[in-house]
Each structure stands twice: as C-alpha cells, then as structure tokens.
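Hello,

Here is the structure I said I would pass on. My notes on it follow below.

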Amino acid sequence: MYMNERDSSEVKSAVRVLELLELLSRAEEPMTLRAIVSELGYPKSSTFNLLATLISRAYVVRVEPESYKIHDAFRNGPGWASGRDAQLIATAQPIMDALRDLEGETVFLGTRRRDGRVRILSKSVSRQAVRFDSDLCGTDPAYCTAMGRVLLASWASHRVDAYLARERLVKITDYTVIDRLQLRKIFEETRRSGFGVSDQEAILGGSGVAAPVRDSSGEVIAALNIATVSPRFDACKDRLSQAAIRNAAELSYRLGFKGSNTSET
C-alpha cells in the first residue's frame with residue numbers, strides 16, 4: 001500500500017500519542033517533561049505540544065511543579081470522558097485544584113445521568129491526612145448526595161417525580177432522608193439557596209456541599225462539590241457553601257454563562 005508523506009506523519013503522531021498515554025498509565029507518580037522525553041526519546045517541543053493537547057481534552061492532568069499524570073477517570077474509572085464532558089473536565093480541573101488547595105478539602109465534579117443518578121467526572125483530593133475520597137466509577141444516588149440534590153433541583157418537576165418513583169430510596173445511614181415529600185422540600189430549598197447539602201446521608205462520617213454549574217445557555221449541566229469528613233463539617237459549612245457557589249459560578253463563566261437566565265430541563 002502506498003503511503004504519502006502526510007499520511008506517514010499522521011500515523012507517527014498517533015503512535016506518539018498512544019505511547020505517551022501508555023507511559024503515563026504505567027507511571028505510579030506524576031512524570032516531569034524531562035523524564036517523559038528521556039523515556040520516549042521524542043523532541044521536547046513536540047512532547048510538550050502533545051501533552052498540551054491531551055490536557056485540553058482532559059486525558060492528562062498537569063501537576064505542579066511541571067509534572068504530568070494520566071487523568072484518574074482513565075486509571076480508575078470505566079473509560080474516557082468524551083465530547084462535552086471532556087471539555088467540562090478540562091475547564092474545571094484548574095479551578096478544582098485551586099479550590100482544594102485553598103480550602104484543604106476534596107473537590108468533586110459530577111453530572112446527572114439520564115436516569116437521574118450522579119456520575120462523578122473528576123476529583124481533586126485533599127492533601128490532609130484525614131480526608132474524604134471516592135472512586136471515579138459507577139454512579140451515586142441523587143436523593144441523598146449534595147451533587148444529586150443540586151442536579152435534581154434544576155430538573156423539570158415531572159422528571160424529578162419520575163426519578164423519585166423509579167429510584168429505590170434506601171436509608172443508607174441513620175441520617176438519610178427517604179420521605180418523598182421531605183425530599184421535594186429539600187430540592188426546593190436547594191434551588192432557592194443555590195447550594196445543596198448532604199450531612200452523613202450518603203456515607204457515615206462524610207459530609208459536603210455542592211453548587212450548580214451552568215453552560216452558556218444557563219442550563220445546569222454539572223455540580224461542583226466540596227466534601228469533607230463530618231467532624232470538620234459543622235465548623236466550616238458556611239464557608240464551604242460560599243466557596244462552592246463562588247467557584248461553580250467561576251466555572252460557569254468560563255463555560256460561557258454570562259447572565260442570570262436559567263431553565264429547567
């Protein structure tokens with residue numbers, strides 16, 4: 001088969017991307033640019049450009065100072081995020097990392113699945129010795145989680161009714177609310193206040209707050225969550241709530257949301 005110079009160049013670039021991803025997936029710790037270049041033998045400038053592209057598409061995460069790692073969604077999750085989710089992750093990660101460093105707590109980004117449950121897209125884990133964490137796999141119930149309540153609060157009422165009728169409401173801990181009337185009141189309060197709270201309702205000893213993330217049309221497409229261990233939560237609940245609202249608004253702005261118009265979907 002005849003292969004012209006352009007086709008050969010494209011294949012070579014594809015191979016380099018795959019080898020770069022394979023290298024980072026094997027690495028137990030973030031790798032510096034120098035280490036990557038040394039391992040793969042690629043020119044430094046082209047390696048940097050490949051990494052920049054992979055970061056923009058949320059396949060790779062940059063870790064200060066000047067190190068790189070494969071995104072946790074690939075290492076621990078069911079597969080790559082793509083399309084809108086990938087762009088959302090790429091835009092959100094720097095905000096999440098900065099928020100984690102400022103507040104000292106773990107930050108999550110989640111979206112609503114078609115069935116109403118929550119899919120965690122990305123996380124930035126607290127550096128504290130005692131911290132809250134969760135895997136990027138599977139789905140979480142929406143009725144008892146901070147992100148789920150934010151996402152349900154923005155959903156059309158008939159969709160919320162369908163979710164509550166379909167979801168098996170389980171009292172996961174002694175604090176879990178499962179009464180449907182009370183849950184609707186919680187969703188309404190979440191919509192009114194601009195943030196959702198879950199205090200040991202999904203996991204005993206784990207608490208958090210979340211705020212809505214909007215796209216350019218004003219549609220709520222995700223929730224930004226700050227999670228912590230419950231013994232620290234009471235003392236910092238108000239501060240974390242405002243931090244979640246503020247950073248979710250910043251992420252919404254970077255996604256193109258400039259106004260106050262909102263819509264239920």
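**The three-stranded sheet**

In the three-stranded sheet, Val61 stands opposite Lys69, a residue of S3. Please keep in mind throughout that this is a predicted model.

Val61 and Lys69 belong to a pairing in which four bridges join S2 to strand S3, residues 67–70, and the two run antiparallel. Against these strands packs helix H3, residues 44–56, which touches both S2 and S3; the direction of H3 makes about 110 degrees with that of S2. Another residue with a partner in S3 is Arg62, whose bridge partner there is Tyr68. S2 and S3 form a hairpin, with three residues between them. In that turn, Glu66 has a positive phi of about 55 degrees.

Tyr68 also has a residue opposite it in the other pairing of S3, namely Met31. That pairing, between S1 and S3, is antiparallel and has two bridges. The sheet as a whole is open, with three strands in the order S1-S3-S2 and antiparallel pairing. Strand S1 (31–32) and strand S2 (60–63) each have a single partner strand and stand at the edges, so one side of each is left without a neighbour in the sheet.

**The five-stranded sheet**

There is also an open sheet of five strands, in the order S5-S4-S8-S7-S6, again with antiparallel pairing. Here the edges are taken by S5 and strand S6 (196–199); each has a single partner strand, so one side of each is left without a neighbour in the sheet. On average, neighbouring strands of this sheet are turned by 25 degrees against each other, direction ignored.

Within this sheet, strand S7 (residues 206–214) and strand S8 (residues 220–229) run antiparallel and are joined by nine bridges. One of the facing pairs is Ala210 with Asn225, the latter in S8.

The loop between S6 and S7 holds Glu201. Is Glu201 buried or exposed? Its relative accessibility is 9%, so Glu201 counts as buried. Apart from neighbours within four places in sequence, Glu201 is in contact with Cys144, Arg149, Ile172, Thr173, Tyr175, Thr176 and Val177.

**Phe108 and the aromatic pair**

How many aromatic pairs does a search of the whole structure find? The search finds one. The two rings are those of Phe108 and Phe132, with centres 6.1 Å apart and planes at 85 degrees, so the pair is edge-to-face. This pair links distant parts of the chain, 24 residues apart: Phe108 is in strand S4 (residues 106–112), while Phe132 is in the loop between strand S5 (118–124) and helix H6 (146–153).

Both Phe108 and Phe132 are buried. For Phe108 the relative accessibility is 2%, and the residue therefore counts as buried. Leaving out its neighbours within four places in sequence, Phe108 has contacts that include Met96, Ile120, Ser122, Lys123, Phe132, Asp133, Ser134 and Met147. Ala223, Leu224, Asn225 and Ala227 are also in contact with Phe108. Asn225 is thus a contact of Phe108 and the residue that Ala210 faces across the S7 and S8 pairing. As for Ile120, which is twelve residues from Phe108 along the chain, the C-alpha atoms of the two are separated by 7.0 Å.

**Charges over rings**

Two cases are worth listing:

- Arg16 has its charged end over the ring of Tyr42, at 4.7 Å from the ring centre.
- Lys258 has its charged end over the ring of Tyr253, at 4.7 Å from the ring centre.

**Overall figures**

The protein has nine helices and eight strands. Of its 265 residues, 45% are buried. Among contacts with a separation of 6 or more, residues 24 or more positions apart account for 63%. The protein exposes about 13800 Å², and carbon and sulfur atoms supply 51% of that area.

Regards

Conventions: Residues numbered from 1 in each chain as written. Predicted model: local features only at pLDDT ≥ 70, side-chain atom pairs only at ≥ 80, totals over all residues. Heavy atoms only, no water. Pairing = 2+ DSSP bridges. Contact = heavy atoms within 4.5 Å. Axes fitted to C-alpha atoms, helices over the stretch in contact; angles between N-to-C directions. Phe/Tyr/Trp six-rings, centres within 6.5 Å; stacked < 30°, edge-to-face > 60°. Buried < 20%, exposed > 50% of the residue type's maximum accessible area, 1.4 Å probe, protein only. Lys NZ or Arg CZ within 6 Å of the ring centre and 35° of its normal. Areas by Shrake-Rupley, 256 points an atom, 1.4 Å probe, with all protein chains shown as cover.
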